[in-house]
Amino acid sequence: MNRPVEIIGGGLAGLSLGLALRRAAVPVTLFEAGAYPRHRVCGEFITGLSATTIERLGLAPFLADATPHREVAWFLRDQPLRRQTLASPALALSRHALDQRLADAFTAVGGDLRTQIRIDPSDAPDGRIFATGRRPARPEWIGLKCHAFHLPLNAELELHLGDHAYVGLCAVEDGRINVSGLFRQRADLRELTRETALVSYLRAVGLDALADRLSTAKIDPASFSAIAGLGFSKPSTRTDRIVLGDTYAMIPPFTGHGMAMAFQSAEQALDPLLAWSRGEASWESTLRTVQQRLRTLFRLRLASAAALHPFLFKPARQRWLATASRLRLLPMKPLYKITH
Ligand SMILES: Cc1cc2nc3c(=O)[nH]c(=O)nc-3n(C[C@H](O)[C@H](O)[C@H](O)COP(=O)(O)OP(=O)(O)OC[C@H]3O[C@@H](n4cnc5c(N)ncnc54)[C@H](O)[C@@H]3O)c2cc1C
């Protein structure tokens, strides 16, 4: 009889791990504070997800209709900056669809999914995994997103740099354009509603042309989403529990790599947890193995993305970035490689 696993948090890390464990006949209960389907603040394009991870976690059916995007256009305060071709395509699919598909698949293979239950995270008994998303941080940044229809794009992926902000646009399924941005929180914009926040923030950070485009587009009102209290802390060093996905570390969103890391962290935890479930390893050694694997796999990309983040965010460094880019001094391929 396999030992049961309990997962707290039904985002991409928790659901993909739960699904893979269930497929190996491990009893899994997954607690999720929210419900499905739901819109999430996310750029909704996945970069750097390898064929091995897709295969190991059995993700192919869920990503089969994801739109592949290769062409990226960068803008600085509405002015074109440069165009880039990604080494391998980013996969675009809404979280509304992706999370729901994974949740359905998890229950279809006998997973016990309990939604709208928030578990007190202070308790960490053996067999409990924490995939609860970003750790609480100083409320420095705010993430905002919506889905627009009939919004013509200048490239498959648009990335706009504003004053202490960046915003991504890409087509997902059903004619939807995801518009999603990370902004430094502003005291003068505290009273906004979810519906007005994105356009107001776009104007406040100098992205007026983008705000105008969005103002004339049709928006799915249910898709307006916001999250505050965002920060990019160092990787978790907790030794008393297994933490995956954003709970381990949140990579800056400009990389489009957070979702791939959530899946990869589930992949790294899978074999050690299977061994523990079969009684072949102690919980302490399982914990140490998973931590070591995550540290080894993610250390370099987290450090390099954190070092690059201010160049996309801070006006003086954005100007430096723009000059280097115009002079063709930016080694785009190595920079992509080191952050993925
Ligand atoms: C503005 C912005 C843009 C982004 N753009 C991209 C992008 O384009 N591409 C990309 O790859 N990544 C992007 N990301 C990052 C990506 O969204 C995350 O890395 C990814 O969602 C992490 O998945 P996760 O499973 O770790 O966490 P989440 O998806 O956050 O899931 C955590 C889950 O845990 C649940 N939960 C939390 N606490 C509890 C509790 N106590 N009990 C029960 N349930 C709980 C939550 O309800 C949630 O469903 C972006 C992030 C931001 C902020």
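Helix α7 supplies the largest share of the shell around the ligand, with three residues. This is a predicted model, and the description of the binding site that follows should be read in that light. Besides α7 (258-277), the elements that each supply at least two residues of the shell are α1 (12-23), β2 (28-32), β11 (176-184) and β13 (225-230). There are 36 residues around the ligand, and those that come nearest are Glu32, Gly43, Phe45, Asp246 and Met259. Sorted by class, the shell holds 17 nonpolar residues, joined by twelve polar and seven charged ones.

Several polar atoms of the protein can be placed with respect to oxygen atoms of the ligand. Asp246, one of the residues that come nearest to the ligand, has a polar side-chain atom 2.8 Å from a ligand oxygen. The backbone takes part as well: a polar backbone atom of Ala13 is 3.0 Å from an oxygen atom of the ligand, and for a polar backbone atom of Gly256 the distance to a ligand oxygen is 3.2 Å. Taken alone, the ligand exposes 1,000 Å², of which the protein buries 93%.

A second point of interest is Asp99, found in helix α4, which spans residues 95-108. Asp99 has a relative accessibility of 0% and therefore counts as buried, the cut-off being under 20%. What does Asp99 touch, leaving aside residues up to four places away in sequence? The contacts of Asp99 are Gly10, Gly11, Leu12 and Leu15, together with Tyr36, Arg38 and Arg40.

Key
Residues are numbered from 1 along each chain as its sequence is written. This is a predicted model: local features need pLDDT of at least 70, side-chain atom pairs count only at pLDDT 80 or more; totals for chains, interfaces and linings use all residues. Side-chain values use heavy atoms; hydrogens and water are left out. A residue is near a molecule or strand if one of its heavy atoms lies within 4 Å of it. A polar contact is a pair of N or O atoms within 3.5 Å; within protein, one must be able to donate a hydrogen and the other to accept it, and residues adjacent in sequence count only if both atoms are side-chain atoms. Accessible areas come from the Shrake-Rupley method with a 1.4 Å probe; for residues, only the protein chains shown count as cover. Helices (H or I, at least four residues) and strands (E, at least two) are DSSP runs, numbered from the N terminus. Ala, Val, Leu, Ile, Met, Phe, Trp, Tyr, Cys and Pro count as nonpolar, Asp, Glu, Lys and Arg as charged, and the others, Gly among them, as polar. Buried means under 20% relative accessible area, exposed over 50%, partly exposed in between (1.4 Å probe, protein chains only). Contact means heavy atoms within 4.5 Å.
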